[in-house]
Amino acid sequence: MVSPVCSKQIGVLHKRFKQLSHNEETLRRDHFNEIDDLAFNPIRAQIIEAFFDRRNFHQNGEGKVQEIGFEEFVVVMSHFRPPSAHMTEEQRGKTRREKLRFLFNMHDTDNDGIITLEEYRHVVEELLSRSGTLEKETAKCIADAAMLEVASISVGHMEPDEFYEGITFEHFLKLLERFEIESRMIIRFLNMDTTTLCK
Amino acid sequence: MDPIRRSSTLRLTGLLCLLFLVFFSRGFASHDVVSEKSSGTTQEDSRSQANSTAHKKTFPVLSFNYEHVRTPFEISLWILLALFMKLGFHIIPTVSHIVPESCLLIFVGLLVGGIIKATGEQPPILDSNLFFLYLLPPIILDAGYFLPMRPFTENIGTILMFAMVGTLWNVFFIGGMMYAVCQIDAAKLAHVDLLSCLLFGSIISAVDPVSVLAVFEEIHINELLHILVFGESLLNDAVTVVLYHLFKEFAHEQAITVTGAVLGVISFFVVSLGGVMVGVIYGIVGAFTSRFTSYSRVIEPLFVFLYSYMAYLSAEIFHLSGIMSLIACGVIMRPYVEANISHKSYTTVKYFLKMWSSVSDTLIFIFLGVSTVAGPHTWNWIFVIFTVIFCLVSRVLGVIGLTAFMNKFRIVKLTKKDQFIIAYGGLRGAIAFSLGFLLNNNEIKNLFLTAIITVIFFTVFVQGMTIRPLVELLAVKKKKESKESINEEIHTQFLDHLLTGIEDICGHYGHHHWKDKLNRFNKTYVKRWLIAGERSTEPQLISFYNKMELKQAMMMVESGSAAKLPTIVSTVSIRNVQAKGSPKPSRAISKSREEEIRRVLRANLQNTRQRLRSYSRYELLNDALEDDISEARFRKQKEMERRMSHYLTVPANRQETPPVRKVFFQQEHKVYTYDDSESPRGRASPSCADDVSELKETPEKPDQSSTPRANRDAELKPKEQDDQGDQLKVSRCLSDPGPNPEDDEDSTFLP
């Protein structure tokens, strides 16, 4: 389990939750759409979806919800906790899995546990969507190359008529094992000051 | 047996060359005698030859005039010596494994200096002007241009802390302690006052980038530690410059005033920020210039070098930090210049920088050795020993203290091992020596110089030699073999956007937010001005992808007949990845891309004389406009090639195991331009038969403008006819065992 968010941070997050939801009890997707800064983000749709994805709530649920309460908000945010100073190797491994699981869920939109070529293509297209040049061909090409790489790393040898279904979670872990995600995928909550909270 | 004999022969040759060079240089140092003698002989010869009136000077058939070329000749000799030494150390593997190159070079310098002195000549001293203006800039530029930006910016806080606060601490600690030492009666150093000691401290405390680079490059330590020590060595130049000039000025007045101290602080900001600004200005101008260099590609590298050098010199005019200016210029210029210049120019820049910095580095160490032999020395046991001790102590204390402070703010904390390596890697080098050399000539100067040289020797020899076994002993993380992975790049970008988005949701303007803002600003405004053509809108992912493709294509072309395997060793093909029955995307290959592909493949294939599998779609023409085609399309070309290579045709009826090569080389031309890809022959199996038929088509029917052909550029057609003579033979992939009845191995594929 990712280490729990401490009480001071919960206070700050609560303030933000209230601000986003206009003092209601739950957040909906349109609340997220109101955040101006997100407008420039090429993957905003996927980020917003991640908040409403039951798989990220640590309750082994599946599917999507339409609105979330504060508890779910905090749970999703907890994926971005920095690792605590003294962590055993096992804890570090668990944190890695958590974070990579979050990423995996973001890619695997149809919830079947595998990132297919189509889904991966969609990811790359979204990344390039704000570049101005809608080069769908290039995006496809890059996605294909990436899939090829995953297949080569994970499976190695395949018969010509075998078909690589898609990236499973295990393959995903192997793919990004050099990525040091536990130190990269973090937000520093501690420095948050309510006066700098944007709209 | 053979390599040993070879290496010993080479060693002997190297030694002989060395001696030869040394005697040459010594000989020419006493040129006056020689030239007089020889001119005397010539005259005698001519007189004896003349047979005519003695007062008429006969035409000298062969004369000796060394003065004419003396300076460049001697410079060349020194550089040659340096290069031979470098070669020699790499040929002899055993020694270079234990002793770092810098130590050996200093030793050679000592030897050469000793030989020169033994013959009664005055050995040349490392002139400060020579050092600061000619020897140092290439090394710094090389470092700055290839500075890995991501780890640098991620650790910038720590680096600045070490560079600024750490160096300040070192200066005052060493200066103060040495003053205390000087008060000891036994030392007989009472004439050394506080200011001089502080001046000495400021010279000796800066970590030297040249030495750090020289030693750290060989131990392949992990990126974080490397960038920390190296970044510190680069950025502490500002502190060193300010303090050095400050104390030098004060040494005249013999007192430090409060205003003086305040001015010193202000001066520090001016020096560092001013230097950076000068570098940024030159960098932007350089990037802007490179936008137009497509008209004359061969001079592109010169622009890079000259702008950077001007940045350094301009900063030095105002006594600003030249090193920071150089680094800033290289860093700013690099992304834009690389997008604009040709691939060949990029390679040229890279190799020239490496070459110059390597030569500089070698020369610096040799001269250090020679200067040691040359210079007047005042050896004072107490002073020297205490200097060495205090340098070590202050470094250790400084690192420990600063790490304890910085770890509060760092995500990835620095462990004790890291701290030890950082402390141990604080090497001093030639900058300290040159600064010391610039001091006013008095007795204290010799004292200081001796101490400085001792510290340098100690750090380079002792610390340099022992750091490698210590790294092994402490099991410090080594540099990871970075294989470029498109997946990692995709996820790096994905993560950047994700974290920015989360920060926005949290309402927290963290550094991802600002980085994203900077990137967007860069993309919308800066890139448009500084990058030529369509590259300006190319997203980073695509650039990365093209670059990767480029590398892999070059690698596969270069590996030629060698059995070097490409990075991905597998038999997985794109066929395995794509869904069965998914419609093949129709590709609209632009004309320019085709051209590029053709050109590069032709160039490469002609060079390596490869016999490749069907390259039907790559009609390589003997294009007279080769040099004019924009290199910018070269990269897209690579993308194209890679795309092609993805579509493997691994027909079911093939007996042989698909060689690894096939991952890259085989083409499936169903995905080629024209939709009506029927050839007159039937397309029974999606295989090389198709390739072959396609191929056969073209040589046999060159005049026929078959419908598919007509869809493509008409200009190609006449050229194809012309160049059939030059066509490369197409054949199977090198690893293919034997002729396949389907394949026609004599079908030519058009260059």
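Modeller: A disulfide here is a pair of cysteine sulfur atoms within 2.5 Å. This is a predicted model: local features need pLDDT of at least 70 and side-chain atom pairs count only at pLDDT 80 or more, while totals for chains, interfaces and linings use all residues. Residues are numbered from 1 along each chain as its sequence is written, chains are lettered from A and ligands numbered from 1 in the order in which they are written, and side-chain values use heavy atoms, with hydrogens and water left out.

Biologist: Happy to start there! How many disulfides does this rule give over all chains?

Modeller: A disulfide is a covalent bond between the sulfur atoms of two cysteines. For B:Cys197, the closest cysteine sulfur is in B:Cys182 at 4.0 Å, which is too far for a bond. Over all chains, the count comes to zero.

Biologist: Does B:Cys197 count as buried or exposed?

Modeller: Buried means under 20% relative accessible area, exposed over 50%, and partly exposed in between, using a 1.4 Å probe and protein chains only. B:Cys329 has 0% and is buried. With its 1% relative accessibility, B:Cys197 counts as buried.

Biologist: Which helix gives the most to the largest nonpolar core?

Modeller: A nonpolar core is a set of buried Ala, Val, Leu, Ile, Met, Phe, Trp, Tyr and Cys residues joined through side-chain atoms within 4.5 Å. The largest has 135 residues, and B:Trp78 and B:Phe131 are among those with the most contacts inside it. Helices are DSSP runs (H or I, at least four residues), as are strands (E, at least two), numbered from the N terminus. The top contributor, with 14 residues, is helix H20 (residues 443-474) of chain B.

Biologist: And how many residues are in the second, separate core?

Modeller: Members of this second core include A:Leu13, A:Val76, A:Leu103 and A:Met185. Its total is 68 residues.

Biologist: Back to B:Trp78: leaving aside neighbours within four places in sequence, which residues is it in contact with?

Modeller: Contact means heavy atoms within 4.5 Å. By that cut-off, the partners of B:Trp78 are B:Val112, B:Ile116, B:Pro124, B:Leu363, B:Ile366, B:Phe367 and B:Val370.

Biologist: Now for charges. Which side chain meets B:Lys86 in a salt bridge?

Modeller: A salt bridge is a side-chain nitrogen of Lys or Arg within 4 Å of a carboxyl oxygen of Asp or Glu, and there are 17 over all chains. B:Lys86 meets its partner at 2.6 Å, N to O. That pair links helix H3 (residues 70-91) with helix H5 (residues 101-118), both of chain B. Both residues are buried, and the partner is B:Glu101.

Biologist: How many residues apart in sequence are the parts tied together by B:Asp496 and B:Arg150?

Modeller: Their side chains form a salt bridge at 3.1 Å, N to O. B:Asp496 lies in helix H21 (residues 486-506) and B:Arg150 in helix H7 (residues 149-154), so the bridge joins parts whose separation in sequence is 346 residues.

Biologist: Which residues do salt bridges that share partners join into one network?

Modeller: One link is A:Asp30 with A:Arg28, whose closest N and O atoms are 3.9 Å apart. A:Asp30 is partly exposed at 41%, and A:Arg28 is partly exposed at 29%. The network joins A:Glu24, A:Arg28 and A:Asp30.

Biologist: Finally, what share of the residues of chain A count as buried?

Modeller: Chain A has nine helices and two strands, in the order α-β-α-α-β-α-α-α-α-α-α. Among its contacts between residues at least 6 apart in sequence, 58% join residues at least 24 apart. Of its 199 residues, the buried share is 52%.
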